[in-house]
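Please look at the sequence and the structure below before reading on.

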Amino acid sequence: MVVLRLALPTPMRRLFDYLPPAGIDCTFLKPGVRLRVPFGNRQLVGLLIEVSDHSEFPEHKLKAALELLDQTPPLPQHLFDLARWAASYYQHPIGDALAQALPVMLRKGNACEYLHEHLWRACEGVVPEDAGSRAKKQQALLALLIKHPHGISNDAIRAEGYKTEYLRPLEEKGLAERFIHHPHRANAERTKDLLHEAPLTLNEQQQGALDEINDSSGFAPILLEGITGSGKTEIYLQAIERQLGMGKQALVLVPEIGLTPQTVTRFKQRFNVPVVALHSNMTDRQRLDAWLDAREGEARIIIGTRSAIFTPMKDPGIIIVDEEHDPSFKQQDGYRYSARDLAVFRAQKEDVAVVLGSATPSLETLHNAQQGRYQWMRVTQRAGNAKAPTFELLDTRNIPLQAGLSTPLVQRIRHTLEQGTQVLVFINRRGFSPALSCHDCGWIADCNRCDAHMTLHRSPPHLHCHHCDKQTPIPARCGNCGSDQLKPVGAGTERTEDTLQKLFPDVPVLRIDRDTTQRKDAMAQMMQQIHTGEPCILVGTQMLAKGHHFPKVTLVAILNADSGLFSADFRGMERTAQLILQVAGRAGRANHPGTVIMQTHHADHPTLQHLVQVGYYAFAQQELIQRQQAQLPPFTHYALVRAEANGNGRAEAFLRAIREQLESDILLPAGVRWLGPFPSPMEKRAGMHRAQLLVQGDNRRHLHQLLDSLTYYLELSKEARQVRWSIDVDPVDTF
């Protein structure tokens with residue numbers, strides 16, 4: 001008996017046995033090929049894991065697969081192995097994990113080929129009349145094929161007004177033929193004359209970092225810690241140039257979709273080779289074609305967001321993770337993998353260098369560098385003649401604020417604009433106001449599905465919960481006392497933009513947040529206006545903090561510098577420091593000196609003082625000492641078991657029962673501890689009550705021993721079917 005063991009995209013953490021499709025020679029089947037199979041009353045596309053000669057089920061109970069979709073696996077063996085390892089490490093169902101390593105069209109069972117890979121052409125020496133004197137439509141179609149000796153696609157034939165149903169008779173008569181056409185990109189094999197424009201001259205520190213990268217051979221994990229404006233991108237470009245010269249490819253990961261077009265433009269301006277992008281704003285067809293370009297070696301540089309880590313390369317040369325500290329590299333729901341960590345694992349499998357670049361490295365990466373696991377290069381001076389910005393803490397205690405803006409700050413903004421330069425105002429809150437409150441009784445408009453206030457938006461007018469996406473009209477009266485004295489509390493980007501437009505009516509005020517950049521090309525148009533260099537005010541959220549180059553911005557104002565100082569998450573201080581320094585890094589990046597003004601009610605807070613006086617590295621060292629004393633990551637490893645249920649307290653009771661059951665059934669591995677269960681910091685979200693159980697271990701292997709047992713127990717537990725549960729390995733937040 002021949003049994004095909006398949007991974008199917010289902011929530012179940014197991015493989016499924018099927019008989020081979022009729023007429024298939026199983027001796028040539030390789031792990032990783034796709035098959036279409038019956039599954040209940042529907043059909044699924046699964047990936048072959050192994051061919052076996054036995055099954056735990058009798059043969060008459062096994063269904064046969066319907067169709068073999070591939071002759072060769074879409075993913076190279078090492079990426080197939082990477083996806084399987086990631087499924088195991090992140091405790092995710094293997095079928096779903098493997099499916100997510102493929103483009104959407106391949107998950108649906110489409111052919112693993114380009115859009116117009118199958119073309120039609122006329123056979124050599126034929127003329128239209130050969131189709132037959134009475135077959136006028138076939139004659140016309142044959143004439144069209146003769147005009148396109150290099151081939152024409154079905155879509156193009158239909159666009160010309162012809163019917164493709166006449167192709168088959170022409171083929172049967174030996175007058176036309178279908179052939180496979182692999183598109184070939186210009187300059188795809190180029191190893192000389194790679195540049196459109198000359199590289200910039202590096203300073204001594206940049207050159208030293210580049211030499212370290214270029215001198216590395218085989219697998220080399222490298223932390224490139226360079227302050228904002230130090231020219232890390234130029235180091236990336238020149239390191240990639242060397243790989244291209246050897247006929248290799250480069251994969252560049254960026255944290256945000258908004259950064260992708262900017263990065264692609266920069267690379268296309270520099271290099272005379274094909275560059276492709278991969279991100280979620282592309283159509284499924286565009287993503288598959290770009291994915292195939294990377295796999296076939298047609299694309300020499302691949303730039304993408306988190307999911308691009310699974311993109312195959314024919315000749316891998318280097319992997320770069322820009323802004324490696326950014327939490328966007330960790331998937332926050334479903335398949336909770338870290339693209340940054342997988343990039344290091346993948347580089348090891350492909351035996352290439354991986355560069356993790358950041359001005360504010362995550363403490364995990366910094367710890368790995370200090371322990372000698374990563375090569376560590378520091379670039380502490382800005383590129384060119386640019387100087388690091390100066391910091392000022394503006395104490396706003398007892399100072400009246402107008403939409404979050406103090407009078408001294410408004411005066412500094414006016415002075416900056418009069419000097420002919422630009423201002424960036426950072427406030428990490430979308431909307432007009434974080435809350436709508438009744439002036440008479442203090443009632444606040446809350447989301448009835450979450451433990452959160454509804455955010456007030458003015459364009460268009462509505463209340464919006466940014467946690468569950470619920471939207472409602474703005475009420476005319478208080479929901480508690482009936483008063484019409486409803487007032488906005490606090491300021492968001494909309495309100496700050498509105499106030500600045502009134503204060504500076506002659507200066508453009510550009511708001512950059514998720515609400516204003518949803519329209520296609522909106523971000524590019526605003527960037528174009530900013531880069532004219534004309535005086536303007538930029539108002540935005542953390543979208544402005546990531547990798548943007550604003551040469552004429554000389555003043556950065558941070559309105560809510562205190563927002564993360566008292567976070568319930570132990571990473572709160574780290575995130576606050578990173579965000580402040582990333583935003584501050586937008587100031588003074590060219591020949592104009594920059595200033596950063598931080599409005600704060602805690603100007604004497606030791607962490608803020610430490611950060612602005614001695615910089616991120618000293619702050620990180622102090623934070624690492626505190627983490628070690630508290631036995632927190634990176635000095636320990638942990639996972640969160642999350643649960644959510646309809647009733648209040650049900651999720652917590654479920655996790656408590658699991659802990660008690662496992663404590664009585666199995667012996668905890670050495671150095672592994674339970675903490676909790678306890679309610680999540682936001683206990684109610686999207687109508688569900690949430691709780692979490694923390695599993696902590698001194699040794700990663702011992703922690704995963706317990707997680708394997710826990711997952712197995714949850715899979716079999718009837719109670720687990722009454723709640724939603726998930727396991728988050730190496731979580732980046734506790735919410």
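This report covers one pocket and two charged residues.

The model is predicted, so local features need pLDDT of at least 70, side-chain atom pairs count only at pLDDT 80 or more, and totals for chains, interfaces and linings use all residues. Residues are numbered from 1 along each chain as its sequence is written, and side-chain values use heavy atoms, with hydrogens and water left out.

The second largest pocket has a volume of about 920 Å³. A pocket here is an open set of points on a 1 Å grid where a 1.4 Å probe fits, with protein on both sides within 12 Å along at least five of seven lines. The volume is the space filled by probe spheres set on the points. The pocket is lined by 38 residues (each with an atom within 4 Å of a point). Arg-340, Asp-341, Glu-364, Asn-368 and Arg-700 lie nearest its centre. Of the elements, α11 gives the most to this lining, with 5 residues. The table sorts the lining by class.

| Class | Lining of the second largest pocket |
|---|---|
| Nonpolar | 16 residues |
| Polar | 9 residues |
| Charged (Asp, Glu, Lys and Arg) | 13 residues |

Glu-494 lies in helix α14, residues 493-503. Glu-494 is buried (under 20% relative accessible area) yet has no salt bridge (a side-chain nitrogen of Lys or Arg within 4 Å of a carboxyl oxygen of Asp or Glu). The nearest side chain of opposite charge, Arg-511, is 4.4 Å away. The side chain of Glu-494 does make a polar contact (a pair of N or O atoms within 3.5 Å, one able to donate a hydrogen and the other to accept it) with the side chain of His-457, at 3.0 Å.

Lys-137 is in helix α4, residues 136-147. Lys-137 is exposed (over 50%), with a relative accessible area of 52%.

Key:
Helices (H or I, at least four residues) and strands (E, at least two) are DSSP runs, numbered from the N terminus. Buried means under 20% relative accessible area, exposed over 50%, partly exposed in between (1.4 Å probe, protein chains only). Lys and Arg count as positive and Asp and Glu as negative; His and the chain ends are not counted.
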